[in-house]
Amino acid sequence: MKAFWNKSRAVAGQVHRGFIGEWAVTIILLLFGTTTLLQAFVIPTSSMENTLLVGDHVLVDKLTYSPTDQVTQHWLPYRDVRRGDVIVLRYPLDISMDYVKRAIGLPGDRIRLENKRLILNGKPVDEPYAVHIPGSVESYRDNFPSGTPSQPLRPRALEMLKRYVVNGELVVPPGFIFAMGDNRDNSDDCRFWGLVPRENIRGTPLLIYWSFDAPTEDLINPNIGVDHVVDVVAHFFTKTRWSRSFKLVHSYPLQP
């Protein structure tokens, strides 16, 4: 599955902006002149469960991955993407869409899956954040990059498999990141649409500032739906997931 920003169809693993909570927070941030550093998004689909749930409203740090130079590297908190980081990226097939995934492989890394288990640079890796659907089996998805896909792959994914698979492993090329969703069996990610160009990465989620149990169709509405506003007003206290409020979004370091 995937979700989208300012589109009229549902797609997987994206963050979305066009709904009342995000605009309210964005306006507040704009008043304080910080929207170049932080941006509010809502999670409309399940591809990052259980790390991020449908209806989680997050603040995304847009500063961390900003480019650095010899001067700014000493006094600004810039750093590059690390394995295990949760990242917000511009979807390579439509950069008007923003996706949220987890960075799994950096340039030079060798990646494969064996029966859903991540093998990174020849070593099995523990992924406590990964969620799998019991009884769900798919050859290509679970044994990437081997196996036969159950549906046609996008052209960028086919090119990735043709150019960068060596001895049954994907070798991540310079300038790219390999990313997957934590809801591993229900995520439309690099396995299916290709690698993420480094320049497409916009930031990393810092904080869940509000979590509201709303359906995906409400959250992907590019307009402020009356039904959703009524739902929020009527059920704010009962459908707010209070235990997730102000919860930090953590990376998980993956050792090669």
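**Reading a predicted model, feature by feature**

Modeller: Thr-148 is exposed, with a relative accessible area of 59%. The model is predicted.

Colleague: Why does Thr-148 count as exposed?

Modeller: A residue counts as exposed when its relative accessible area is over 50%. Thr-148 has 59%, so it is exposed.

Colleague: Where does Thr-148 lie, and which residues is it in contact with beyond its neighbours within four places in sequence?

Modeller: Thr-148 lies in the loop that joins helix 2 (139-142) to helix 3 (155-164). Its contacts, setting aside neighbours within four places in sequence, are Glu-138, Ser-139 and Tyr-140. Glu-138 is ten residues from Thr-148 along the chain, and their C-alpha atoms are 8.5 Å apart.

Colleague: Two arginines next. Is Arg-184 buried or exposed?

Modeller: Buried means a relative accessible area under 20%. Arg-184 has 2%, so it is buried. This residue sits in the loop between strand 11 and helix 4. Its contacts outside the four nearest places in sequence include Glu-127, Tyr-129, His-132 and Arg-141.

Colleague: And Arg-244: where is its place, and is it buried or exposed?

Modeller: Arg-244 is in the loop between helix 6 and strand 14 (247-248). With 8% relative accessibility, Arg-244 also counts as buried. Its side chain reaches the backbone oxygen of Thr-51 at 3.1 Å. Not counting residues up to four places away, Arg-244 touches several others, among them Asn-50, Leu-53, Asp-56 and Ile-208.

Colleague: How should I read the two faces of a strand?

Modeller: In a regular strand, side chains alternate between the two faces of the sheet. Take strand 6 (residues 110-114): Ile-111 and Leu-113 are on its covered face, while Arg-110, Arg-112 and Glu-114 are on the uncovered one.

Colleague: Which strands pair with strand 6, and over how many bridges?

Modeller: Strand 6 pairs with strand 10 (residues 169-171) in the antiparallel sense, over two bridges. Within that pairing, Arg-110 is opposite Val-171. Strand 6 also pairs with strand 7 (residues 117-120), again in the antiparallel sense, over four bridges. Here Ile-111 stands opposite Leu-120.

Colleague: What is found in the hairpin of strand 6 and strand 7?

Modeller: Two residues lie between these strands, and Asn-115 in the hairpin takes a positive phi near 50 degrees.

Colleague: Which residues touch the most other members of the largest nonpolar core?

Modeller: That core has 36 residues, and Val-81, Ile-87, Ile-104, Phe-178 and Val-196 touch the most other members. At least two residues each come from several elements, including strand 4 (86-90), strand 5 (98-105), strand 6 and strand 7. Strand 11 gives the most, with four residues.

Colleague: What is Phe-178 in contact with, leaving aside neighbours within four places in sequence?

Modeller: Its contacts include Arg-102, Ile-104, Ile-111, Phe-144, Leu-170 and Leu-195. Ile-111 has appeared already, on the covered face of strand 6.

Colleague: Last, helix 6. What does its span between end C-alpha atoms tell me?

Modeller: The span can be set beside that of a straight helix with 14 residues, which would be 20 Å at 1.5 Å a residue. Helix 6 (residues 226-239) spans only 17 Å.

Colleague: Where is the kink in helix 6 centred?

Modeller: The kink is centred on Val-233 and is about 50 degrees. In the same helix, His-228, Asp-231 and Val-232 are buried.

Methods:
Residues numbered from 1 in each chain as written. Predicted model: local features only at pLDDT ≥ 70, side-chain atom pairs only at ≥ 80, totals over all residues. Heavy atoms only, no water. Buried < 20%, exposed > 50% of the residue type's maximum accessible area, 1.4 Å probe, protein only. Pairing = 2+ DSSP bridges. Contact = heavy atoms within 4.5 Å. Expected span 1.5 Å × (residues − 1). Bend = angle between axes of the 7 residues up to and from the residue. Core = buried A, V, L, I, M, F, W, Y, C linked by side-chain atoms within 4.5 Å. Polar contact = N/O pair within 3.5 Å; in protein donor to acceptor, adjacent residues only side chain to side chain.
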